[in-house]
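User: Hi, I have a structure open and could use a guided look. Can we start with how its strands go together?

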Amino acid sequence: MIFTNIYLVALLALQLLHQCVWCQQLPPQKFQTHPTRTNATSGWNNRHFRKSSAAPKSDEMANTCKDLLTNLHDRVSVLASLDEDLRKRLESIENKMSQFEANNLGRLDSLALQQTDFLKRLDTLDYMERQTKRNIDELKGDLNDERKKEEIVLRSARQTNDRLPQMITNEERIESLGTLLLSTRSAVNELNNHLESNISRLSNMVARGLKNIRRNSVQQQQQPNYYSNQHPAQPLPTSCSQDAPTVNGILSIQLTPESEPFYVRCEEELFGGGWTIIQNRFNGKLNFFRGWADYQTGFGNLGGEYFIGLEKLHALTSSAVHELLITMQDFEGNSRYARYNLFGIGGEKEDYALNLLGDHEGDAGDSFTYHAGSKFSTYDNDNDGCVDCNCAQSRHGAWWYNWCDMSNLNGKYFEDNYNMTPLYEGMYWQDFRGPTYSLRAVRMMIRPVAGDGDLERK
């Protein structure tokens, strides 16, 4: 509307200017006199008077046109300034609308995350409710069985009143025998624990001595070439648990005579050693927010941070029954561990699903059982249990996501503000420091369980 007004005012100004120019160029009008009774002298005087009065009128018209043009110029200037102000206001309104839209998108994302967390908690509550109902039903069944047994005993006691004192005496004897049995069992358990600890220490000392002897003999020989594809003459070990000599913790293993050997890093101290490290994070220099191809083949450096690869991990856990050990440390120096007595994943056709996960022990709590049975997901290959979201994208990681997670050990590494990270986005463990604390170091290790051709370890 402002531009239309300016156009109309400019058009009007041009018309007035044209009229003013026309007025200034108009020749003096020739006045004719009607025949009257006046003489020629009087007619000449009239014509002279009219010619003299025409010049002032033309000047007055020109001045008037100039005044009009000046006013129009002022009005056009005012309208132009008003148009500039309105344009600035429109730009300010557009900026505010953009900010409002961005804030709304951020709020929608936050609401989506809160909804996902709420649904996860609701599923947990439903699971707990079902377990509680099942336990109550079992207790009711046991109570009914005990009542039936009690009724049978009372009936038999009523039929033979002389046996009732003898029955009470037998109950007292049973209670005393039970107490004695419990005390004996606790003493046996204590002795068994001492014996196991002594055997474990002795076996560790013997194993370390053998490793040191073998390591010294290997160091005296030629150092092996880690990048050679040639098969050695002697058969290679199939895992770190076979007490094979390592060089700086690095060991070449071969799962079958037909498969290609590859190098792994071993942990030789924790819980008797023999662990194969499948994931190692401690400084955040390696990016773990990667796609499906990287996680399938593995990435990183065995001397630093790395992930062994899903294909190799499937081959390892398929060759023998393995157990899993996860160690973690926060930025205050507190260390925790979680251990599962069974662990195994499926192949590529199963999207490397977490098919086998045993019982838990350890002081870090159990934040991994929730993921049992889930498929592995990355930001470019969504296999999680969430219908309307991509857990790998929202968690900035790759994991066996369910709906979505209670642990995210391949999440983003936060060196700054590690104790105030965005919810569920850091390298976190639910039962150790919670989902807004990103841990400083994490290691995942596997080892064949006893009875699979390896040396028995505690």
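Analyst: Sure. One term to begin with: two strands pair if DSSP finds at least two bridges between them. Also keep in mind that this is a predicted model.

User: Okay. In which sense do S2 and S3 pair, and over how many bridges?

Analyst: S2 and S3 are antiparallel, with three bridges between them. Within that pairing, Arg265 sits opposite Ile277 of S3.

User: Which way do S3 and S12 run, and how many bridges join them?

Analyst: S3 and S12 run antiparallel and are joined by five bridges. Ile277 turns up again here, facing Met445 in S12.

User: What about S3 and S5?

Analyst: S5 covers residues 306-307, and two bridges pair it with S3 in the antiparallel sense. Gln279 stands opposite Phe307 of S5.

User: How many of the residues of S3 are buried?

Analyst: Seven of the seven residues in S3, 275-281, are buried, so the strand is largely enclosed by the rest of the structure.

User: Let me zoom out. How many helices and strands does the protein chain have?

Analyst: The chain has six helices and 12 strands. It has 458 residues, and 31% of them are buried. Its exposed area is about 29,900 Å², with carbon and sulfur atoms supplying 54% of that.

User: And what share of the contacts comes from residues far along the chain?

Analyst: Take the contacts with a separation of 6 or more. Residues 24 or more positions apart account for 56% of those.

User: Now the nonpolar core. Which residues in the largest one touch the most other members?

Analyst: Leu324, Phe343, Phe368, Trp400 and Trp429 do, in a core of 50 residues. Several elements each supply at least two residues of this core, including strand S6 (322-329), strand S7 (335-344) and helix H5 (310-319). Apart from it lies another core, of five residues. Ile277 and Met445 are among them, along with Tyr306 and Leu325.

User: So our facing pair is in there. Why would nonpolar side chains gather like that?

Analyst: In soluble globular proteins, nonpolar side chains tend to be buried together.

User: Back to Trp400. What does Trp400 touch?

Analyst: Leaving out residues up to four places away in sequence, the residues Trp400 touches include Leu310, Leu313, Phe368 and Phe376. His371, Ser374 and Lys375 are also among them.

User: Switching to charges. How many salt bridges does the structure hold?

Analyst: There are 10. Glu323 is a good place to look. The side chains of Glu323 and Arg339 form a salt bridge, 3.2 Å from N to O. Glu323 is in strand S6 and Arg339 in strand S7, so this pair ties together parts 16 residues apart in sequence.

User: Are Glu323 and Arg339 buried or exposed?

Analyst: Both Glu323 and Arg339 are buried. Glu323 also meets Arg447 in a salt bridge, at 3.0 Å from N to O. That pair links distant parts of the chain, with Arg447 in strand S12 and Glu323 in strand S6, 124 residues apart. Arg447 has 1% relative accessibility, so Arg447 counts as buried.

User: And where do Arg87 and Glu84 lie?

Analyst: Both are in helix H2, residues 40-159, three residues apart, which is about one turn of the helix. They form a salt bridge, with the closest N and O atoms 2.2 Å apart. Arg87 is partly exposed at 37% relative accessibility, and Glu84 is partly exposed at 31%.

User: Any odd backbone spots? What kind of peptide bond joins Trp403 and Cys404?

Analyst: A cis one, with omega about -15 degrees. Cys404 is in the loop between H6 and strand S10. Asn248 has a positive phi of about 55 degrees and is not a glycine. Asp351, also not a glycine, has a positive phi near 60 degrees.

User: Why point those out?

Analyst: Because most residues other than glycine have a negative phi, and most peptide bonds are trans.

User: Are Asn248 and Asp351 buried or exposed?

Analyst: Asn248 is exposed, at 69% relative accessibility. Asp351 is buried, at 17%. Each is in a loop: Asn248 between helix H3 and S1, Asp351 between S7 and strand S8.

User: Last one. What is the mean pLDDT of the chain?

Analyst: The mean is 79, and 69% of the residues reach 70 or more. Over residues 22-49 the pLDDT is below 50, and that stretch has eight contacts in the model beyond near neighbours in sequence. Residues 452-458 are also below 50, with 22 such contacts.

How values were computed:
Residues numbered from 1 in each chain as written. Predicted model: local features only at pLDDT ≥ 70, side-chain atom pairs only at ≥ 80, totals over all residues. Heavy atoms only, no water. Core = buried A, V, L, I, M, F, W, Y, C linked by side-chain atoms within 4.5 Å. Buried < 20%, exposed > 50% of the residue type's maximum accessible area, 1.4 Å probe, protein only. Helix = DSSP H or I, 4+ residues; strand = E, 2+ residues; numbered from the N terminus. Contact = heavy atoms within 4.5 Å. Areas by Shrake-Rupley, 256 points an atom, 1.4 Å probe, with all protein chains shown as cover. Salt bridge = Lys/Arg side-chain N within 4 Å of Asp/Glu carboxyl O. pLDDT = per-residue confidence, 0-100.
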